Amino acid sequence: MASPRERNDARKGANFRPKSGAKPQGNPQDKPYSRPRQDRRAGPPGDDWIWGWHAVEAALANPKREKPQRLVVTPDKARQVEAKFGRKVNFEVADAHQIGLLLPQGAVHQGVALRPAPLEDVDLEAFEARPGAVVLVLDQVTDPQNVGAILRSAAAFGVAGMVLQDRHAPKLTGALAKAAAGAVERVPVARVVNLSRALDDLSKLGWRTVGLAGEADLGLAQALNGEPTVLVMGSEGEGLRRLVAEHCDDLAKIPMPGDFESLNVSAAAAIALYEASRPR
């Protein structure tokens, strides 16, 4: 688990909106797309977009999402979208530069960008407390790349769901969705106001909570017993907050015989989920 000394080293580029001069490609008379238009909404560019083929493909295929607000693709990706989804998905065709103008600087969009309809959050009651099931709780993990990578691991290990704090977690779009590579569409996410209260509610629903903390005496393998388990991961910088830790049934650590101080929170989550997935 991340120690208090660990710091998030993700690098973010500054948002900017350069001039647009490229002309759209394609013929709007015989294709289900229209001329790309300037996005005049408030907020930084790209804050509610999804980009990258795997993330966009998963969002378009998700029946829980309503019709997308916008889909902008390059001519090559237009053919790929049509081959995958037919004519039921409307899109605009633009060159790669034009698509980049809609997104944050440096976004690797692979020729496709989607402004999706919002994905509904779920309630804690939606997580089935069955033997061996795992729910992942993130205590103020704020870096989108880390949360996206954790979601990807959560999907790979079949977690029942994830819990985020409403005001201290990134949106499930942008760099997070790109890092998650489609896992945003596969892992149910609950957003709560108070994590300590959410842990109490999960306990009442039949879940046992284990917080990961580098200073714990108990090893993670010893803390897991096959019961429905909530794994609580602390933030990139400060680890588990005291009040959150106090609402866990046990605190456990990932043994690190290499005598290194800490792991990145996404790496720690992947290890913890692997350990939790082993038969008990």
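**Briefing: helix packing, two sheets and a cavity**

In this predicted model, helix α1 (residues 53-61) and helix α2 (residues 75-85) have axes that come within 12 Å and cross at roughly 35°. The crossing of α1 past α2 is right-handed. The strands treated below belong to an open sheet of four strands with mixed pairing and an open sheet of seven strands with parallel pairing. A cavity of about 30 Å³ is also described.

**Contact between α1 and α2**

- Two packed helices are described by the angle between their axes and the distance between the axes.
- On the α1 side, the contact is made by W53, E57, L60 and A61.
- On the α2 side, K77, Q80, V81, K84 and F85 take part.
- By class, the residues of this contact divide into five nonpolar, one polar and three charged.

**The four-stranded sheet**

- The strand order is β1-β4-β2-β3, and the sheet is open with mixed pairing.
- Strands β1 (50-51) and β3 (92-93) stand at the edges with a single partner strand each, so one side of each is left without a neighbour in the sheet.
- Strand β1 runs antiparallel to strand β4 (residues 112-115), and two bridges join them.
- Within this pairing, I50 has L114 of β4 as its bridge partner.
- Helix α2, which also contacts α1, lies across β2 (70-73), β3 and β4.
- The direction of α2 is at about 125° to β2.

**The seven-stranded sheet**

- Its strands follow the order β7-β6-β5-β10-β8-β11-β9 in an open, parallel arrangement.
- The edges are formed by β7 (189-192) and β9 (218-219), each of which pairs on one side only.
- Three bridges link strand β8 (residues 208-212) to strand β11 (residues 250-253) in the parallel sense.
- In the pairing of β8 with β11, V210 stands opposite D250, and L212 has A252 as its bridge partner.
- Strand β11 is also joined to β9 by two bridges, again running parallel.
- Residue A252 of β11 stands opposite L218 and is also the bridge partner of L212.

**Helices on the seven-stranded sheet**

- Helix α6 (residues 195-204) packs on this sheet and touches β5 (134-138), β6 (161-165), β7, β8 and β10 (229-233).
- The direction of α6 makes about 170° with that of β5.
- Helix α9 (residues 265-277) lies across β5, β8 and β10.
- The direction of α9 is at about 165° to β10.
- Strands β5, β8 and β10 are thus listed for α6 and also for α9.

**Cavity**

- Rolling a probe the size of a water molecule over the atoms shows where empty space is left.
- The count comes to one cavity of 30 Å³ or more, and the volume of the largest cavity is about 30 Å³.
- Its lining consists of I50, A55, A177, A180, A181, G182, A183, V184 and E185.
- This lining has seven nonpolar, one polar and one charged residues.
- One of the lining residues, I50, is the residue whose bridge partner in β4 is L114.

Note on methods. Residues are numbered from 1 along each chain as its sequence is written. This is a predicted model: local features need pLDDT of at least 70, side-chain atom pairs count only at pLDDT 80 or more; totals for chains, interfaces and linings use all residues. Side-chain values use heavy atoms; hydrogens and water are left out. Axes are lines fitted to C-alpha atoms, for helices over the stretch in contact, and angles run from 0 to 180 degrees between N-to-C directions. A crossing is left-handed if the near helix is turned anticlockwise from the far one by less than a right angle, and right-handed if clockwise. Contact means heavy atoms within 4.5 Å. Ala, Val, Leu, Ile, Met, Phe, Trp, Tyr, Cys and Pro count as nonpolar, Asp, Glu, Lys and Arg as charged, and the others, Gly among them, as polar. On a 1 Å grid over the protein atoms alone, a cavity is a set of points where a 1.4 Å probe fits but cannot get out, and a pocket is an open set with protein on both sides within 12 Å along at least five of seven lines; lining residues have an atom within 4 Å of a point. Grid points are joined across faces, edges and corners, and a volume is the space filled by probe spheres set on the points. Two strands pair if DSSP finds at least two bridges between them.
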